[in-house]
Amino acid sequence: MSEATSQSQPPAKDLIGSYFLDLWCHTSKTLAVKPETKYASEFEEEEEESPTELDTVNSSGGFSVVGPDKLSLLYPSVNLHGHDVGVAQANRAAPMKRLLYYFEIHVKNAGSKGQIAIGFTTSAFRLRRQPGWEANSYGYHGDDGMLYRGHGKGDTFGPTYTTGDTVGGGINYATQEFFFTKNGVVVGSVYKDVKGPVIPTVAVHSQNEEVTVNFGKDPFVFDLKAYEAEQRAKQQIKIDNITIPQDASYGIVRSYLQHYGYEETLKLFDIAGQSTVPPISLVPEYGFSEEDSMYALNQRRTLRQLIKSGKIDETFSTLRKWYPQTVEDDTSTICFLLHCQKFIELVRDGKLEEAIMYGRSEFEKFKKLSGFDDLVKDCAALLAYEQPSKSSVGYLLQESQRELVADAVNAMVLSTNPKLKDASLCMHSCLERLIRQVTACFLEKRSLNGDQGEAFQLSRILKSGKKG
Amino acid sequence: MSLFWIVIRQLAEIQAMATSKKVITRADWEKKLNDVKVRKEDMNKLVMNFLVTEGYVEAAEKFRLESGTEPDIDLATITDRMAVKKAVQSGNVEDAIEKVNDLNPEILDTNPQLFFHLQQQRLIELIRNGKVEEALEFAQEELAPRGEENQGFLEELERTVALLAFEDVSNCPVGELLDISQRLKTASEVNAAILTSQSHEKDPKLPSLLKMLIWVQTQLDEKASYPRINDLSTAVLEDPAV
């Protein structure tokens, strides 16, 4: 969705405005599809569906019977040879964009020979053989405790299992391994030498064998969360051992405060920094000198405070007084953002009629902006509800929206600096650039890894370590 | 061309294919970066977490007002913690120990190693101030019993007492104990113990994020050639060397 296709390349000033407009559009679209989303990244990750039950479309020629709840498997007759295994696959392949996948079976009845198996197969698997007996399939067998991974001969792996046991099969995408558990304890793991999606599979092969399957609807016997934390911790140790420059974090926080105009905080932060033991000395950054980041610090702070208190008219007049070039083009994106915010503030104060009049007189001239339709629709929708904050467009009334506008104005003011060398430095703080880079790198790494494994999620970092 | 050279050339081609990496241009990479949307709220939380964990109380309070971000820990507890840290950093270990016990007497009870390090620091300060007799008395009465319980403590104790044996302490093998870095180490330990006792993570999350960046870039280097960030303080993209 590039602005360049709908109109000619916007002037440099509007590049900044367009960036923030784009950000707003993104939030609007994300929330439109899934209103309860708190984190956009969580939304993207949850798009992948998980197996929920056994598949009944591709049956294995009637050797086994899938129960009506599609979560159990029974072998009613007597088996005669090696090609009448009762196999059932899950209704979907295991999701890949995560650290681990896991499911469990419970052996209700080991039947006459206990020839049960749990494992993973591909969509090409012949559903009359035990998982592990054919190429590109893996199976942990209950009768001999062996792991079969593509040939008739298995490897010694773990204990046998029988009636009453709960056995689990899992995938660790970080280590590219399958792992299996018995009654809550890991029995072993094996390298996953299969590319592409794999499907959780169970099999039964002697008379009266019966298993039930749990794809996560019920709690697992195995403590998956603890195992996940353990696996993450292993990776974390490697990362923790990396050294970073002594005061890197301090410098980044300082530049963050400067960038967004948190003047008072910066003052106190600097004072504290000087009295630490030993006092922190920062190497001056090249490219964006101290002067540049301190540019108009007080003015930017004032403007942010105005917007955060909803005083949009005052914001306009202050901008016209101090930085007329930022708002002189009345059809620019930044003006659009400010006018929308004014509309939102009027709705917040309950002045609905005034809001409508305002919208009618101001919105028309922004028709050419991309994203205009959806965003104005969102704003207008606020009028339809008695309690707009609880509606699907309630996000407009939250602090985050004011924050967006404040950040946009902040960037615009930074761009008026005559000494500025690179306009893109106005839009993102150093911290933001670092977060974007680490996110993009993780995504690229995953994509080169067959799209398997976790992406970087800032929300997870923020939530980690919270106790109680 | 002789067979020899044909073979060499083919081997070189195979080598190149085996080590060939995906090349991502600056323009493509910037598109990928632009697809990443970072929430301002989350960045504010990271900064607040840094201010709070490192103990910048006044700055944290002001940041809460200026940004509307709620700290994830009661700011009042930070002041107490910082007073302890400062006391150790200035060499007032007795004062620090008193303050820690006022805050939470269980901290030192459940942390024998921390308590030993604090006592060791006391000893170092006595030696630094030339109070030799007092130092020896203190070492024998307070530290020796701890040393008997734990081999590691005993070794540390012996190292510390060794300071007394040298005329020119700044040049002796255990001279580093007198260095300010030793105070800082102990101060850090106390800070971490207090944070843990308050069920708070003892390290801020920001450095972790920086380490992850370095780690993932190293990992990605094996498979792709792309613009990197090599300087954390400027976060400027550098095109890959050709």
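**One helix and a set of aromatic rings in a predicted model**

On helix H12 of chain A, the face pointing away from the buried side carries A:Glu353, A:Met357 and A:Arg360, which are exposed (over 50% relative accessible area, with buried meaning under 20% and partly exposed in between, using a 1.4 Å probe and protein chains only). This is a predicted model, where local features need pLDDT of at least 70 and side-chain atom pairs count only at pLDDT 80 or more, while totals for chains, interfaces and linings use all residues. Residues are numbered from 1 along each chain as its sequence is written, chains are lettered from A and ligands numbered from 1 in written order, and side-chain values use heavy atoms, leaving out hydrogens and water.

So much for the outward face; now the other one. H12 runs over residues 352-362, and A:Ala355, A:Tyr358, A:Gly359 and A:Glu362 are buried there. These four sit on the same side of H12(A) because they cover an arc of only 100° around the axis, taken from the directions from the helix axis to the C-beta atoms. An α-helix has 3.6 residues a turn, so residues three or four places apart point the same way. The buried residues of H12(A) pack against helix H9 (312-322) and helix H11 (333-348) of chain A (contact means heavy atoms within 4.5 Å; helices are DSSP runs of at least four residues, H or I, and strands, E, at least two, numbered from the N terminus). A:Tyr358 also has company from a charge: the charged end of A:Lys342 sits over its ring, 6.0 Å from the centre (NZ of Lys or CZ of Arg within 6 Å of the ring centre and within 35 degrees of the ring normal). Likewise, the charged end of B:Lys40 sits over the ring of A:Tyr260, at 4.2 Å from the centre.

Rings also meet rings. Over all chains, the structure holds 33 aromatic pairs (Phe, Tyr or Trp rings, the six-membered one for Trp, with centres within 6.5 Å; planes under 30 degrees apart are stacked, over 60 edge-to-face, the rest tilted). A:Tyr19 and A:Phe20 make an edge-to-face pair, because their ring centres are 5.1 Å apart and their planes stand at 80°. Both A:Tyr19 and A:Phe20 are buried. A:Tyr140 and A:Tyr161 pair up in a tilted way, 5.1 Å centre to centre with 55° between the planes. A:Tyr140 lies in strand S6 (residues 138-141) and A:Tyr161 in the loop between strands S8 (155-156) and S9 (166-172) of chain A, so this pair ties together parts 21 residues apart in sequence. A:Tyr140 is buried at 0% relative accessible area, and A:Tyr161 counts as buried at 2%.
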